[in-house]
Amino acid sequence: MTTYLEFIQQNEERDGVRFSWNLWPSSRLEATRMVVPLACLLTPLKERPDLPPVQYEPVVCSRPTCKAVLNPLCQVDYQAKLWACNFCFQRNQFPPAYAGISEVNQPAELMAQFSTIEYVVQRGPQLPLIFLYVVDTCLEDDDLQALQESLQMSLSLLPPETLVGLITFGRMVQVHELSCEGISKSYVFRGTKDLTAKQIQDMLGLSKPAMPTQQTRPVQPQEQAFVSSRFLQPIHKIDMTFTDLLGELQRDPWPVTQGKRPLRSTGVALSIAVGLLEVTFPNTGARIMLFTGGPPTQGPGMVVGDELKVPIRSWHDIEKDNARFMKKAMKHYEMLANRTAANGHCIDIYACALDQTGLLEMKCCTNLTGGHMVMGDSFNTSLFKQTFQRIFSKDFNGDFRMAFGATLEVKTSRELKVAGAIGPCVSLNAKGSCVSENEIGVGGTSQWKICSLDPTSTLGIYFEVINQPSAPIPQGSRGAIQFVTQYQHSSTQKRIRVTTIARNWADVQSQLQLIEAAFDQEAAAVLMARLGVFRAESEEGPDVLRWLDRQLIRLCQKFGQYNKEDPTSFRLSDAFSLYPQFMFHLRRSPFLQVFNNSPDESSYYRHHFARQDLTQSLIMIQPILYSYSFHGPPEPVLLDSSSILADRILLMDTFFQIVIYLGETIAQWQKAGYQDMPEYENFKHLLQAPLDDAQEILQARFPMPRYVHTEHGGSQARFLLSKVNPSQTHNNLYPWGQETGAPILTDDVSLQVFMDHLKKLAVSSAC
Amino acid sequence: MNVNQSAPPVPPFGQPQPIYPGYHQSNYSGQPGSAAPPASYGAYNGPVPGYQQTPPLGVSRAPPSSGAPPSSTAQAPCGQAAYGQFGQGDIQNGPSSSTVPMQRLPGSQPFGSPLAPAVSQPAAVLQPYGPPPTSAQVTAQLAGMQISGAMAPAPPPSGLGYGPPTSMASASGSFPNSGLYGSYPQGQAPPVSQAQGHPGIQPPQRSAPPLASSFTPPTSGGPRMPSMTGSLPPGQGFGGPPMNQPNHVSSPPQALPPGTQMTGLQGPPPPMHSPQQPGYQLQQNGSFGPGRGPQPNYGSPYPGAPTFSSQPGPPQPLPPKRLDPDAIPSPIQVIEDDRNNRGSEPFVTGVRGQVPPLVTTNFLVKDQGNASPRYIRCTSYNIPCTSDMAKQAQVPLAAVIKPLAMLPPEEASPYVVDHGESGPLRCNRCKAYMCPFMQFIEGGRRFQCCFCSCINDVPPQYFQHLDHTGRRVDAHDRPELSLGSYEFLATVDYCKNNKFPSPPAFIFMIDVSYNAIRTGLVRLLCEELKSLLDYLPREGGAEESAINVGFVTYNKVLHFYNVKSSLAQPQMMVVSDVADMFVPLLDGFLVNVNESRAVITSLLDQIPEIFADTRETETVFAPVIQAGMEALKAAECAGKLFVFHTSLPIAEAPGKLKNRDDRKLINTDKEKTLFQPQTSVYQTLAKECVAQGCCVDLFLFPNQYVDVATLSVVPQLTGGSIYKYACFQVENDQERFLSDLRRDVQKVVGFDAVMRVRTSTGIRAVDFFGAFYMSNTTDVELAGLDANKTVTVEFKHDDRLNEESGALLQCALLYTSCAGQRRLRIHNLALNCCTQLADLYRNCETDTLINYMAKFAYRGILNSPVKTVRDTLITQCAQILACYRKNCASPSSAGQLILPECMKLLPVYLNCVLKSDVLHPGAEVTTDDRAYARQLVTSMDVAETNVFFYPRLLPLTKSPIESTTEPPAVRASEERLSNGDIYLLENGLNLFVWVGASVQQGVVQSLFNVASFSQITSGLSVLPVLDNPLSKKVRGLIDSLRAQRSRYMKLIVVKQEDKMEMMFKNFLVEDNSLSGGESYVDFLCHMHKEIRQLLS
């Protein structure tokens, strides 16, 4: 076991890949019977400080349909200077540059430790990064002020050659021209009218007469810059202008009458931003950053009318099919998102408002383009400010932790096909021999576009074993998968990262034990959760839960050890032991439960769930609970109501929230002010410890979690109480005695009950 | 006959009724009495009298005379009126023998008619009626008359004696003719008339029914004639009169002379000739006019020679073959006379139906209950009582209203009356506003509406006792009870959306395309605006104007400017979505000038720089206006857009236009399309503008065709103005443009106005001309209205009017003042009503008439070919004059052209209208020029149309230098120019200085600062500033002329025999124009011909 754990960890660290199964069932039928699909979580740009990119381009297989990259798994004939593609078995000549190749003089990509390798492509123009700010001006003054400061701050963080642009919107949409001096100039668009890219281009005066002679020449950066110069300018040129512009941002001047929402043309503003970039810098890394303080209330993409008496849609409305604008708005944003994705740009949404802002409708924009979605109460909170700042954080090389316009291509060996991917990507519709007909997630392709990536962006990639039992795979042979990620590095370089992995095939009939041992329950839980969440976007909540339950029961039936009809006899091996618990918490998680969450919140949670890496995803599924006491060092404790004790301080991390909870006694002590007495310094330290730990988590996480400091009986304690397993409720409190834990007032089933049912069902022969 | 005489006919005529019965009877009796005559008589009478007298007659004769009945009615009144004037005449007539009266009657018919009824004499009665009908009919009547006279004379005359005498008197009244003729013995005269009547009658009689058959009748007439003559002494009389007067003399020779006269006047004499008698008759009719001599006017013309009647006619006719221009009515003379006669005393408006002095006369007005002529002028101050009369006379009944006219400083502007929360007092039924004509009754507790007769309660707070005359005791303390013009403060009920209006806004919208930049226009304009903004109109003593301003520039896209006072720099906002225009900002777009001065100045400084390098040549137009309108809408205020535009809007946008100018269309049926807008976009837009109270003033600076016809739609419908500066060059046109701009910006305007003209029962406003929009048939909606804007309103009868109560007009204008105050301006005017056509003709205003006719024609060309419009005008004019000739003028030779005194300038002015560029374009006149002129005329007032159509030509060097008064004008004809003089010509738009080739060098030197004529630069637009009396005087004169006109007139110096002279000559409207327009003399002949055709 340990070996597998180590193996898994090693692989994750080296390749950023975790498979649900690390031994692959060798036939299709068997694979499907294993319930959890063969899939992996891939973090394409996992930070690898130990992996400097190589300064040349990859060698690819010459077969046009294959084009796999030379990798350590390839057989190489050093004499003939040939290599055989391990995917299509095509024999390829090495390029002339590899003339000196020999067994002792191998290029990096042939060495086993470089199963993941990054190439730098030197060709092509290097275009600066582009940041287009799209700013809502229907904000309260202090909010606007805070936002201005944040934007100013971001300017100072960007490299001077970065191109920036500014679009502001309220009732109208203004595209600010940055080049002119003296008078500040902006192009104004009606907030209620959708425009095609062509119209936007015409209206902004960007259409240039066709210049065929010049087009044939290699793209000239100057020329390109000229076209767009008016709206997108390098920071170093227009630093002052831009600062002034931001400084002079006024609240939307159109009067808002009592009982109305301000008219906010988010839909058109985004459309124009997308159109502007589409025309000026297609296929160049660019971020559209949308800062909005409320729901779109007019024009295409409107989410709610401007009458305050009509509240924004709730889940209830959606279920009752009562959300008038939702479908149309979603269509609008989806269309925008697809266009943006096609251009290789991404959209971030920073929505700060107390009420919903329409993230549900706009989620496509971020989900399909890999942009960030940040939700806060106000721009004037540290949550937003720090989150925003974190976007511009830099890695060990001093580069931004962001990459643009990536395409991920997956190549598989013959026994496998790609069924789909779930993550911040769109399909590129690349049909090929390794594309499965069976779609899971975004399928039907072997290539995806990920417009924006950061080192933690993780995709779930699902495979299908297609080998028929009639054609058994030779013992000891391995299946291989190659992930080729081409992207624009934040240093504006074009890079290609290639990860090639291989796993052994195993016969389920004979090697079930081995396969069981090779099960990665964490990865499996996350991958199943992604599937569930993906389904939840389009299906009714209960159906998804039922599906998850059935999958879990089938898995238990398959891999549990039990006597038929005897629940007490049910056992799961260690490799599966945590899986049901993950599923229990997943069922209760906001990703699948919409109760108590607004549609926006659901979208927000799901957005992050679909892109975080395995560790973070697990935290989201099952929050971590630490307990601090005088009895010893902090220890992780069960996420259970029984862990809530009077003399403990609890620190809960749900990814989205960090909750520090003082037990009843501790809280009393604190009120009594013991921490200020020198003789109780240890108490002071005890109080401080979780704060420090929380700080640590806060520092590292994006987006900033909501930080909650509460105590027994505090209103905010609900954050904790809603997460823990309700092992003690008002129904069963007394049998457990008064000493332990806190009762949760809920009718939700506890883990114990859940497990009991699971066992019963698993051993039953009925299903 | 029977039918005619039968009672039925009678009723129609209200007044005559009592008389008629008797009359008829007498007729009857008379007729029967004379058995023999009856037959012939019947024939004659039948057609004639019955017809004219009353509808019933018409019935009998129905087919032929359908047109006649009305005329007859009309005549009756005329007769009466005339009568009244000459009361004494009756007596004289009385004494005269029965035959005489009879005879006279024919002559005097017009006058006598009313009386005649009273008289018992049928003949007399008939006669009066007779005249009024169309010429043919008239003659017929005459014949009838005579016959009847012949027949009846004996019996009734004596018996009825006096009744008729009066009629006779009337005849005698007409006699004044005789007076005129002086030499005529009364006795003779009548015979003459009879005789005349006879001959004339016969032929006409026959002819009358079939109008066309002028020839056939003669034959039939021939035989009768003799009988007639035979029966009567007329024959003698006949001879007599000719003897006396040269004209007549000639006439006996069988009309040849008259004919010749005619020929002299007209081309068509020949036809006249063949039927000599008819011609003759005509003459007689003509003499009629003179007969009417009693009219004061007439007296003078006669002796004066200007009249055409006999005197001038006879001498000239044959020999010269051409009229002596000096003998035809001279506008200059008329203007001069009016100035001398009426300029000295103030015009007091207390009396109903007073004709005000001419617009060319300087006079003061004292408002004593009727609106000043500066506000309202009418075509006639005496309205026919019935529509039949009105139709017969063809004189349009129209009022030219200038509700916000500027008054000279000596006259107080209208008082503002505040009735508090209850608002102005109005009639409950017709909603007319309280005015001096309202009758208070029941001790002041109620008042009767003078318009609809509804009786209304007087609200307690308005109650006041009446004095012994029935007037309210406080009448003199209340403007609305004592003045013709005053204002009410409107309450919130009179405001849009029941909210008091916000102060209006001005938005300057500047074309910044390549053309505008290149000509320097933008720089000039921006520079000017900086200072001009300090002179926005303000109300009363307000310290600063309440008006907010905004700025937009545009080419293919629009640029709005945020000039909020808190900004350090203006912000430009570009709207490229011209297809769906909107306003990008609210706060900061319309600002107070003083608060945002720094930002505005900065903006105006920068605009020329920003676009200095523009390459954009395409412009949009409709979106520009729409943007301004939307801005006002967003700001919830009314206002005005100043659009400075250079080129045809060809950029892709709503209202895009194409160049459709096509000179080939001129004089075709499709010519009208040149004046119609290309697209309906602008109408729709204008409608929206009007709803918002958005007035558009358009300044055009075209280098080529810009389609003024289409671009002017919005300004036109929103009460705006258009200024056009073709081929604008800063050096040449700067002064003119800036001057116009200054005046346009500074002038006082009312916004969001609705004007309604209410009339007393009997007439109704039916048609409106001017720059405004109408969404229904009664309310004139004006987004903006300035002091120069004029609305011409035409009235029609819908019932009969009453001589006693007259006709009342009340023009109520609801508007927002430039300070944002909602007000009602009321103008009241009372007119007389007449039953005699002569009264109508005596109280006409030709200038106003021309104003109406020009507007009518200029609108007509939108729908009909220009030729049709011209013909209509001529026909109408001919009908007016023919009607006069037939009904009001004393008999005279057909060759004589007799014009009513008040309308003697009608032909010359009408000719000017016909020759104007719009109706008769010269080769060098562009379509845009015509459309522009058409647009201008539409909202011109009477003074402007007067000088526009008949330019003023002032000799500069003739009067002594010391004299401070304006030199007397000369007639606009080349013949009047002496090559040793310098003349100045102006028509309100253009200003020329014409220099004769042999002007003294000294004069040239002192005016142009060059040594000789040849050194004067042709086309010079400025006179050098020289320190000598002549130069000062001329420049002073030019300045004062410019000050008189609402637009700056650019000066052009033209040298005799120079190329430029062609342009100048175009304004010498009495001459033949290059493009074929007739000279005054030719046109007069033409007119005469038309009239004669109508009369025959």
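What share of the contacts in chain A with a separation of 6 or more comes from residues 24 or more positions apart? I looked this up and noted 73%, a contact being heavy atoms within 4.5 Å.

**Ground rules.** I am reading a predicted model, in which local features need pLDDT of at least 70 and side-chain atom pairs count only at pLDDT 80 or more, while totals for chains, interfaces and linings use all residues. Residues are numbered from 1 along each chain as its sequence is written, chains are lettered from A and ligands numbered from 1 in the order in which they are written, and side-chain values use heavy atoms, with hydrogens and water left out.

**Chain A, overall.** I noted 23 helices and 29 strands in chain A; these are DSSP runs numbered from the N terminus, with helices being H or I of at least four residues and strands E of at least two. Of its 767 residues, 58% are buried, where buried means under 20% relative accessible area, exposed over 50% and partly exposed in between, with a 1.4 Å probe and protein chains only. The C-alpha trace of chain A spans about 80 × 80 × 60 Å along its principal axes.

**Confidence.** I then turned to pLDDT, the predictor's confidence in each residue from 0 to 100. The mean for chain A is 88, and 95% of its residues reach 70 or more. Among the elements of chain A, strand S3 (residues 39–42) has the highest mean pLDDT, 95, and helix H5 (residues 212–216) the lowest, 39. Over residues 209–226 of chain A the pLDDT is below 50, and this stretch has seven contacts in the model beyond near neighbours in sequence.

**Aromatic pairs.** I used the rule that rings of Phe, Tyr and Trp (its six-membered ring) pair if their centres lie within 6.5 Å, with planes under 30 degrees apart counted as stacked, over 60 as edge-to-face and the rest as tilted. By this rule there are 71 aromatic pairs over all chains. The rings of B:Phe508 and B:Phe551 have their centres 5.8 Å apart and their planes at 20°, so I entered the pair as stacked. Because B:Phe508 lies in strand S11 of chain B and B:Phe551 in strand S12 (residues 548–554) of chain B, the pair ties together parts that are 43 residues apart in sequence. Both B:Phe508 and B:Phe551 are buried. I also found B:Phe948 and B:Phe949 as an edge-to-face pair, 5.0 Å centre to centre with 80° between the planes, and both B:Phe948 and B:Phe949 are buried.

**Backbone details.** Before reading the angles, I reminded myself that most residues other than glycine have a negative phi, and most peptide bonds are trans. The peptide bond from A:Phe702 to A:Pro703 is cis, with omega near -10°, and A:Pro703 is found in the loop between helix H21 (681–700) and strand S29 (706–711) of chain A. A:Asn429 is not a glycine, although its phi is positive at about 55°; A:Asn429 is in the loop between strand S18 (426–427) and strand S19 (447–453) of chain A, and it is exposed, with a relative accessible area of 52%. In chain B, I noted a positive phi of about 65° for B:Gln394, which is not a glycine. B:Gln394 sits in the loop between helix H23 (387–393) and strand S5 (397–401) of chain B, and counts as partly exposed at 28% relative accessibility.
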